[in-house]
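These are my notes from a session spent going through one model, entry by entry. I set down what I looked up and what I found.

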Amino acid sequence: LREVYAFPNPARRQNPVIRVQVGLADSVEVRFYDITRQLVHGASFGSPTGLDDGNGKGLQHTYDYTWEASGVGSGVYIYVVTAKKAGQTDIKVMKKVAVLR
C-alpha cells in the first residue's frame, strides 16, 4: 500500500476524487457511508494508470475514482477502499472526506 486519499478535501461544490495506489490489484472497490454508517454509494475502480503524483514515491499503479456527490448533502463521509488480489490478503483502508455545498 502506497497511498489512499481524497482530493479536494474538503470538496467545495465539486466532486471529490479518490486516489488509490496499491500496486496491481484484481479489483478495487470503494464504499461511502454517512456519519450514521448508512451506505450512500458504492463502486468499483477502473484499470490503473501509471502516475507519479509528486509524492516522492515515484511511478505507481494508480486507481482514480470520481465520486458523483451531487446527490448528498454537506457533511463528513467515511469511505472504505478495498483492494483484492488473488492469493493475497485484502487491503482495506478507511478514511474521511468532507463535502460542502
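**Entry 1: strand 8.** In this predicted model I began with strand 8 and asked how many of its 10 residues are buried. I found 7 of them buried, and I therefore noted the strand as mostly covered, taking under 20% relative accessible area as the cut-off for buried. Looking next at the partners of strand 8, I saw that strand 4 pairs with strand 8 in the antiparallel sense over 7 bridges, and that strand 9 also pairs with strand 8 in the antiparallel sense, here over 9 bridges. To fix the register for myself I wrote down one residue pair on each side: Phe 32 stands opposite Tyr 79 in strand 8, and Val 81 stands opposite Val 93 in strand 9. Strands 8 and 9 form a hairpin with 6 residues between them, and in the turn I noted Gly 87, which has a positive phi of about 80°.

**Entry 2: the sheet around it.** I then followed the pairing outward and arrived at an open sheet of 5 strands with mixed pairing, in the order 2-9-8-4-5. Which strands lie at the edges? They are strand 2, residues 11-12, and strand 5, residues 39-44, each of which pairs on one side only. Strand 5 is joined to strand 4, residues 27-33, over 5 bridges in the antiparallel sense, and within that pairing I recorded Ala 43 in strand 5 as the bridge partner of Val 30.

**Entry 3: the core.** I looked up the largest nonpolar core and found 23 residues in it, with Val 20, Val 28, Trp 67 and Tyr 79 making the most contacts inside it. The elements that give two or more residues to this core are strands 1, 3, 4, 7, 8 and 9, and strand 8 gives the most, with 4 residues. I added a general remark in the margin, that in soluble globular proteins nonpolar side chains tend to be buried together. Since Tyr 79 came up twice, in the pairing with Phe 32 and in the core, I listed its contacts beyond four places in sequence; among them are Val 4, Tyr 5 and Ala 6, then Ile 18, then Val 30, Arg 31 and Phe 32, and also Val 93, Met 94 and Val 97.

**Entry 4: strand 3.** I asked how many of the 5 residues of strand 3 are buried. The count is 5 of the 5, so this strand is largely enclosed by the rest of the structure. Both of its faces are covered, with Val 17, Arg 19 and Gln 21 buried on one side and Ile 18 and Val 20 buried on the other. Strand 3 pairs with strand 1 in the antiparallel sense over 5 bridges, where Ala 6 stands opposite Ile 18, and 4 bridges join strand 3 to strand 7, which also run antiparallel, with Val 20 opposite Tyr 63.

**Entry 5: Arg 19.** I stayed with Arg 19, which lies in strand 3, and asked whether to write it down as buried or exposed. Its relative accessibility is 12%, so Arg 19 counts as buried, the cut-off being under 20%. The side chain of Arg 19 makes a polar contact with the side chain of Asp 64, at 2.8 Å. Leaving out neighbours within four places, I also noted contacts of Arg 19 with, among others, Glu 3, Tyr 5, Phe 7, Leu 51, Asp 53 and Tyr 63.

**Entry 6: Pro 10.** I found Pro 10 in the loop between strand 1 and strand 2, partly exposed at 28% relative accessibility. Beyond four places in sequence, Pro 10 touches Ala 98 and Leu 100; the C-alpha atoms of Pro 10 and Leu 100 are separated by 6.9 Å, although the two residues are 90 apart along the chain.

**Entry 7: the whole chain.** Last, I stepped back to the chain, which has 0 helices and 9 strands. Its radius of gyration is 14 Å, close to the 13 Å that the globule rule gives for 101 residues, so I noted the chain as being as compact as a globular protein of that length. The C-alpha atoms fill a box of roughly 35 × 30 × 20 Å along the principal axes, and 34% of the 101 residues count as buried. Of the contacts with a separation of 6 or more, 57% come from residues 24 or more positions apart. The chain exposes about 5900 Å², and carbon and sulfur atoms supply 49% of that area.

How values were computed: Residues are numbered from 1 along each chain as its sequence is written. This is a predicted model: local features need pLDDT of at least 70, side-chain atom pairs count only at pLDDT 80 or more; totals for chains, interfaces and linings use all residues. Side-chain values use heavy atoms; hydrogens and water are left out. Two strands pair if DSSP finds at least two bridges between them. A nonpolar core is a set of buried Ala, Val, Leu, Ile, Met, Phe, Trp, Tyr and Cys residues joined through side-chain atoms within 4.5 Å. Buried means under 20% relative accessible area, exposed over 50%, partly exposed in between (1.4 Å probe, protein chains only). Contact means heavy atoms within 4.5 Å. The radius of gyration is taken over C-alpha atoms; the globule rule is 2.2 Å times the number of residues to the power 0.38. Accessible areas come from the Shrake-Rupley method with a 1.4 Å probe; for residues, only the protein chains shown count as cover. A polar contact is a pair of N or O atoms within 3.5 Å; within protein, one must be able to donate a hydrogen and the other to accept it, and residues adjacent in sequence count only if both atoms are side-chain atoms.
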